[in-house]
Amino acid sequence: MDGVVEIWLLIIGRILLGGLFVTAGLQHFFDFETLMKQLGSRGVPLPQLALVIGTAFQIIAGLGLMFGFYVLGASIGLVAFTLIASFLMLNFWDLKGEPRKTARQVWQTNLAIIGGLLISAAYATT
C-alpha cells in the first residue's frame, strides 16, 4: 500500500475511534444521574467519583488517540476502560430474553472496538 494512503487511513481510523470515546464521554454529562445510579446498583464504591474519573479518562484518552498524542497509552488504556465498563454495565450473563440479546450484542461490538484499539496500539509511534 502507498505510504501516504496508509497514513491517511491511520489518521481517519484514529479520529473515528477516538471520537467514539469523546462523544460517549460527553454524553455521560447528560446521563450522569442515571449512570451514577447504575454504577451504584452494581456495587461500585463512590459511583459519582468513579463516573467522573472514568469519563474524564475516556475523553482525554479519546482526544489523545484522535490527535496522535500518547497513542499507545491511550489505546491500551481505552482497552482496559472498555473491558471494565463492559463488565460493570453489560452483565448479559445475568439477563434473560431480549435484554440479554441486546447486552450480548453490545459486548460483541465492544470486542470489535477493542480489536481496533489493539491495531491502533500496534501502529503507535508514541
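Two residues are in contact when heavy atoms of theirs lie within 4.5 Å. That's worth keeping in mind for the views below, which come from a predicted model.

**Figure 1. The whole chain, made of helices.** Let's start with the overall picture. The chain has 5 helices and 0 strands, and along the sequence the pattern reads α-α-α-α-α. Its C-alpha atoms fill a box of roughly 50 × 30 × 20 Å along the principal axes. Of the 126 residues, 33% count as buried. Take the contacts between residues at least 6 apart in sequence: 65% of these join residues at least 24 apart.

**Figure 2. Helix 3 against helix 4.** Here we zoom in on helix 3, residues 47–67, and helix 4, residues 71–89. Their axes are 9 Å apart, and the two helices pack at an angle of about 140°. That angle doesn't go over 145, the cut-off for roughly antiparallel, so helix 3 and helix 4 count as oblique to each other. The crossing of helix 3 past helix 4 is left-handed. On the helix 3 side, the residues that meet helix 4 are Gly54, Phe57, Gln58, Ala61, Gly62, Gly64 and Leu65. Facing them from helix 4 are Val71, Ala74, Ser75, Gly77, Leu78 and Phe81. Sorted by class, this contact of helix 3 with helix 4 has 7 nonpolar residues, 6 polar ones and no charged ones.

**Figure 3. Phe57 and Phe81, a tilted ring pair.** The structure holds 5 aromatic pairs, and this view shows one of them. The ring centres of Phe57 and Phe81 are 6.5 Å apart and their planes are at 40°, so the pair counts as tilted. The two partners come from distant parts of the chain: Phe57 is in helix 3 and Phe81 in helix 4, 24 residues apart. Phe57 has a relative accessibility of 33%, so it counts as partly exposed. There's a third ring to look for as well: ring pairs link Phe21, Phe57 and Phe81 into a cluster.

**Figure 4. Phe87 and Trp107, an edge-to-face pair.** Now for another aromatic pair. Phe87 and Trp107 are 5.1 Å apart centre to centre, with 80° between their planes, and the pair is edge-to-face. This one also links distant parts of the chain, with Phe87 in helix 4 and Trp107 in helix 5 (residues 97–122), 20 residues apart. Trp107 has a relative accessible area of 10%, so it counts as buried.

**Figure 5. Helix 4 against helix 5.** Stepping back a little, we see the two helices that carry that last pair. The axes of helix 4 and helix 5 come within 8 Å and cross at roughly 165°, and the two helices are therefore roughly antiparallel to each other. Helix 4 passes helix 5 in a left-handed crossing. Among the helix 4 residues in this contact are Val71, Leu72, Ile76, Val79, Leu83 and Phe87. Helix 5 brings Trp107, Asn110, Ile114, Leu117, Leu118, Ser120 and Ala121 to the contact. The tally for the contact of helix 4 with helix 5 is 12 nonpolar, 5 polar and no charged residues.

**Figure 6. A close look at Ser86.** Our last stop is Ser86, which sits in helix 4. Its relative accessible area is 1%, so Ser86 counts as buried. What does Ser86 contact, leaving aside its neighbours within four places in sequence? The partners are Asn91, Trp107 and Asn110.

Terms used
Residues are numbered from 1 along each chain as its sequence is written. This is a predicted model: local features need pLDDT of at least 70, side-chain atom pairs count only at pLDDT 80 or more; totals for chains, interfaces and linings use all residues. Side-chain values use heavy atoms; hydrogens and water are left out. Axes are lines fitted to C-alpha atoms, for helices over the stretch in contact, and angles run from 0 to 180 degrees between N-to-C directions. Angles under 35 degrees count as roughly parallel, over 145 as roughly antiparallel, 65 to 115 as roughly perpendicular and the rest as oblique. A crossing is left-handed if the near helix is turned anticlockwise from the far one by less than a right angle, and right-handed if clockwise. Ala, Val, Leu, Ile, Met, Phe, Trp, Tyr, Cys and Pro count as nonpolar, Asp, Glu, Lys and Arg as charged, and the others, Gly among them, as polar. Rings of Phe, Tyr and Trp (its six-membered ring) pair if their centres lie within 6.5 Å; planes under 30 degrees apart count as stacked, over 60 as edge-to-face and the rest as tilted. Buried means under 20% relative accessible area, exposed over 50%, partly exposed in between (1.4 Å probe, protein chains only).
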